[in-house]
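User: I am new to this structure and would like a close look at a single part of it. Please give the cut-offs of any terms as you go.

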Amino acid sequence: MPTTKAAKRYATALLELAKERDEVEDILEDIEFIHNTLDDSQELVVFLKSPIIKFDDKTEALETLFFDEITEPTQLFLKLLARKDRINMLHQITEAFVEKYKDYAGIITVDVFIAREMNDQQRESLHQNLEEKTQKKVDMNIIQDESLKGGMAIRIDDTVIDGTVKH
């Protein structure tokens, strides 16, 4: 799902607040918890996006689901989103926050497409090589593609290094 400009602005504001309070890791943990919950519950996403449901009901649901598990700044942020009628964008905001955090922490996402499963030693070796070559921390997503006969393809942002055998 594409992230809106408004979602990116809210994510940036939350990251700036986290940096000011020196609570970046705590708030990241909260946001990842919320994001994973939303990923696992399509019903919750639909509930939050519904224009029929009052924002008080949405706030109450969020308090019940999350407030025992998250820190105070994140609680206040969720209340702000509800009051500004932006809670329908919560899933996009959590996605944008994780991306903003990765930029802040110097982490890049690398997609690796492989034909067959790699063992732990191969994974670690590939991870180390990618970090050496990119000079950044690497968040590696390994995707097994049954259509490949052998080799691997590596995608870093918009660059693809293709060493696959398809025929």
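The part to describe is helix α4 (residues 55-66), followed by what lies around it.

Analyst: This is a predicted model, in which local features need pLDDT of at least 70 and side-chain atom pairs count only at pLDDT 80 or more, while totals for chains, interfaces and linings use all residues. Residues are numbered from 1 along each chain as its sequence is written, and side-chain values use heavy atoms, with hydrogens and water left out.

The protein has 7 helices and 4 strands; helices (H or I, at least four residues) and strands (E, at least two) are DSSP runs numbered from the N terminus. Their order from the N terminus is α-α-α-α-α-α-β-α-β-β-β. Of the 167 residues, 39% count as buried; buried means under 20% relative accessible area, exposed over 50%, and partly exposed in between, with a 1.4 Å probe and protein chains only.

Helix α4 has 12 residues and spans 16 Å from first to last C-alpha, close to the 16 Å expected at 1.5 Å a residue. That expected span is 1.5 Å times one less than the number of residues. K58, T59, L62 and F66 are the buried residues of α4. They lie on the same side of the helix, because the arc they cover around the axis is only 100°; the arc is taken from the directions that run from the helix axis to the C-beta atoms. An α-helix has 3.6 residues a turn, so residues three or four places apart point the same way. E60 and T64, on the other side of α4, are exposed. The cover over the buried residues includes α2, α3 (42-49), α5 (72-83) and α6, where contact means heavy atoms within 4.5 Å.

One of the buried residues, F66, also takes part in an aromatic pair. The structure holds 3 such pairs: rings of Phe, Tyr and Trp (its six-membered ring) pair if their centres lie within 6.5 Å, and planes under 30 degrees apart count as stacked, over 60 as edge-to-face and the rest as tilted. F33 and F66 form an edge-to-face pair, because their planes stand at 85°, with ring centres 5.7 Å apart. This pair links distant parts of the chain, as F33 belongs to helix α2 (residues 24-40) and F66 to α4, 33 residues apart. The two rings differ in exposure: F66 is buried at 0% relative accessibility, whereas F33 is partly exposed at 32%.

Helix α6, part of the cover, holds an aromatic pair too. Y101 and Y104 are tilted, at 6.3 Å centre to centre and 50° between the planes. Both lie in α6 (residues 90-105), 3 residues apart, about one turn of the helix. Y101 is buried at 10% and Y104 partly exposed at 45%.

Helix α6 also leads to the sheet, where strand β1 (residues 107-114) runs parallel to β2, joined by 8 bridges. Two strands pair if DSSP finds at least two bridges between them. D111 has N141 in β2 as its bridge partner. α6 packs on this sheet, touching β1 and β2, and its direction makes about 110° with that of β1; axes are lines fitted to C-alpha atoms, for helices over the stretch in contact, and angles run from 0 to 180 degrees between N-to-C directions.
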